[in-house]
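Ready to practise reading a protein model? Work through the exercises below in order, and try each task before you look at its solution.

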Amino acid sequence: MTKTGIILTGGGARAAYQVGVLRAVADMYPDWHYPFDVILGTSAGAINAMALAGSRGLFRHNIDHLDTIWSGLTTDRIFRSGSFSLARNLSAMARKFISRPVASGQVSLLDNTPLRDLLEREINLDNIRATIREGHIDAVGLNVCGYNTGQNICFFEGAEGLEGWSVGQRAGIRTRLDLDHIMASSAIPTLFPPVHINREYFGDGATRQMAHISPALRLGARKVMVVGVSANRMSPVKRPEKPGMPTMTQVLGHVFNGIFLDTLDYDIDRSRIINQLLELIPPERLDQAGLNLNPVDILEISPSEPIDEIAAKYLDGLPLILRRLAGASDIDGDASASLASFLLFDPRFCRDLINLGYRDGQSNARQIERFFSGVTTSGAASADPESA
């Protein structure tokens with residue numbers, strides 16, 4: 001039986017888009033329970049991944065729950081957004097940057113304690129373990145970055161027989177997932193504090209992640225749906241007629257885009273090139289070379305509209321200090337919106353992203369049908385689109 005996997009990437013508030021895509025899948029197959037055998041999440045996508053893995057009923061009911069959470073998000077449910085708290089953290093960061101390293105301690109602009117409280121209420125870890133134990137899914141994994149070693153690690157919980165791996169700066173470690181792993185995977189560098197797990201401090205899994213698809217394959221998936229949050233392919237490059245010195249907002253916006261968005265596009269392009277090359281190489285030649293390589297069926301669904309332009313309409317949803325730090329008053333509004341979109345936990349913005357994801361999922365209905373064609377999923381008699 002062909003195993004299916006889903007990869008939910010990071011990007012802060014942008015991850016609301018993923019809920020809309022999943023809603024479209026749920027509407028196509030309303031009687032399904034567990035469409036995916038392997039569920040992988042990174043950064044904010046880790047939150048969505050754990051919510052999916054903890055489903056104990058119909059898939060569409062689980063998406064209803066996710067939709068309700070994201071549609072009601074506000075900044076104060078993710079981090080302490082009061083002016084005093086933000087000013088205190090900003091002052092502490094400035095002091096720590098000029099202090100001796102031994103006295104520096106944690107460095108983060110925001111206190112995301114409210115996020116932990118939210119996850120504790122909404123994520124049922126016992127359900128996740130029961131779902132795996134009963135064989136409804138094979139594995140769920142969360143990607144993190146070790147700040148001491150620089151290693152990108154996939155912490156996973158899964159069925160018996162799944163083994164960890166170590167390849168250069170990438171590793172997979174079987175463990176018992178808890179809130180610390182979710183908090184670590186979603187700890188955006190410099191914005192949220194790193195999390196201490198075992199013998200190391202960990203942060204956002206997108207920080208040094210170059211092989212987004214690989215962990216899903218190592219955990220057994222052979223068909224992979226990737227739900228990204230980048231609209232790079234839909235956003236033409238805008239080159240100013242009279243370029244000036246870039247603002248700090250522009251620089252940071254490109255840094256964040258490079259971390260969260262660009263590497264996924266590169267990994268998908270690379271995987272598709274490998275698929276094309278494998279079609280040109282006779283199987284016997286691969287066997288002679290000792291290469292155990294097989295084409296991977298990849299379905300990518302990403303925003304069809306620039307998220308920056310959507311975010312620009314709702315910058316007033318950010319606390320004033322963050323609005324200033326994000327450069328909301330910069331001449332280049334797109335740059336400020338790009339950076340702000342990662343922290344724009346605003347019901348209006350999230351709702352627009354969910355709606356966009358739903359439309360994009362509907363427009364990819366034929367591709368989704370082909371993806372699930374011939375696949376038997378837990379809780380569904382058949383994944384053939386004609387009988388679903």
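The exercises go from the whole chain to single residues.

**Before you start**

This is a predicted model, in which local features need pLDDT of at least 70 and side-chain atom pairs count only at pLDDT 80 or more, while totals for chains, interfaces and linings use all residues. Residues are numbered from 1 along each chain as its sequence is written, and side-chain values use heavy atoms, with hydrogens and water left out.

**Exercise 1. The whole chain**

Task: Find how many helices and strands the protein chain has, and what percentage of its residues count as buried.

Solution:
- Step 1. The chain has 15 helices and 10 strands. Helices (H or I, at least four residues) and strands (E, at least two) are DSSP runs, numbered from the N terminus.
- Step 2. Of the 388 residues, 53% count as buried. Buried means under 20% relative accessible area, exposed means over 50%, and partly exposed lies in between (1.4 Å probe, protein chains only).
- Step 3. Now look at contacts, meaning heavy atoms within 4.5 Å. Among contacts with a separation of 6 or more, 76% are between residues 24 or more positions apart.

**Exercise 2. The nonpolar core**

Task: Name the residues with the most contacts inside the largest nonpolar core.

Solution:
- Step 1. Start with the term: a nonpolar core is a set of buried Ala, Val, Leu, Ile, Met, Phe, Trp, Tyr and Cys residues joined through side-chain atoms within 4.5 Å.
- Step 2. The largest such core has 88 residues, and Trp 70 and Met 225 have the most contacts inside it. Helix α2 (residues 44–53) gives the largest share of this core, eight residues.
- Step 3. Apart from this core lies another, of 18 residues, including Cys 154 and Leu 264.
- Step 4. Zoom in on Met 225: not counting residues up to four places away in sequence, its contacts include Ile 6, Val 25, Leu 299 and Phe 371.

**Exercise 3. A buried loop residue**

Task: Decide whether Ala 13 is buried or exposed, and find which residues it is in contact with.

Solution:
- Step 1. Ala 13 sits in the loop between β1 and α1.
- Step 2. Ala 13 is buried, because its relative accessible area is 0%.
- Step 3. Leaving aside neighbours within four places in sequence, Ala 13 is in contact with Trp 70, Ser 341, Phe 342, Leu 344, Phe 345, Phe 349 and Leu 353.
- Step 4. Ala 44 is 31 residues from Ala 13 in sequence, and the two are 7.4 Å apart in space, C-alpha to C-alpha.

**Exercise 4. Salt bridges**

Task: Find which parts of the chain are linked by the salt bridge of Asp 64 and Arg 23, then do the same for Arg 359 and Glu 305.

Solution:
- Step 1. Side chains of opposite charge can pair when their charged atoms come close. Here a salt bridge is a side-chain nitrogen of Lys or Arg within 4 Å of a carboxyl oxygen of Asp or Glu. The whole structure has 16 salt bridges.
- Step 2. Asp 64 and Arg 23 meet at 2.6 Å, N to O. Asp 64 is in helix α3 (residues 59–71) and Arg 23 in helix α1 (residues 16–28), 41 residues apart.
- Step 3. Check the exposure of each partner: Asp 64 is partly exposed at 32%, whereas Arg 23 counts as buried at 17% relative accessibility.
- Step 4. Arg 359 and Glu 305 form a salt bridge at 3.4 Å, N to O. Arg 359 lies in helix α14 (residues 347–363) and Glu 305 in the loop between β10 (297–301) and α11 (307–311), so this pair ties together parts 54 residues apart in sequence.

**Exercise 5. The two sides of a helix**

Task: Explain why the buried residues of α15 line one face of the helix.

Solution:
- Step 1. In helix α15 (residues 365–372), the buried residues are Ile 368, Phe 371 and Phe 372.
- Step 2. Seen down the axis of α15, these residues fall within an arc of 85°, so they line one face. The arc is that of the directions from the helix axis to the C-beta atoms.
- Step 3. An α-helix has 3.6 residues a turn, so residues three or four places apart point the same way.
- Step 4. The face turned away from the buried side carries the exposed residues Arg 366 and Arg 370.
- Step 5. The cover over the buried residues of α15 includes β1 (4–8), α1, β9 (223–227), β10 and α14.
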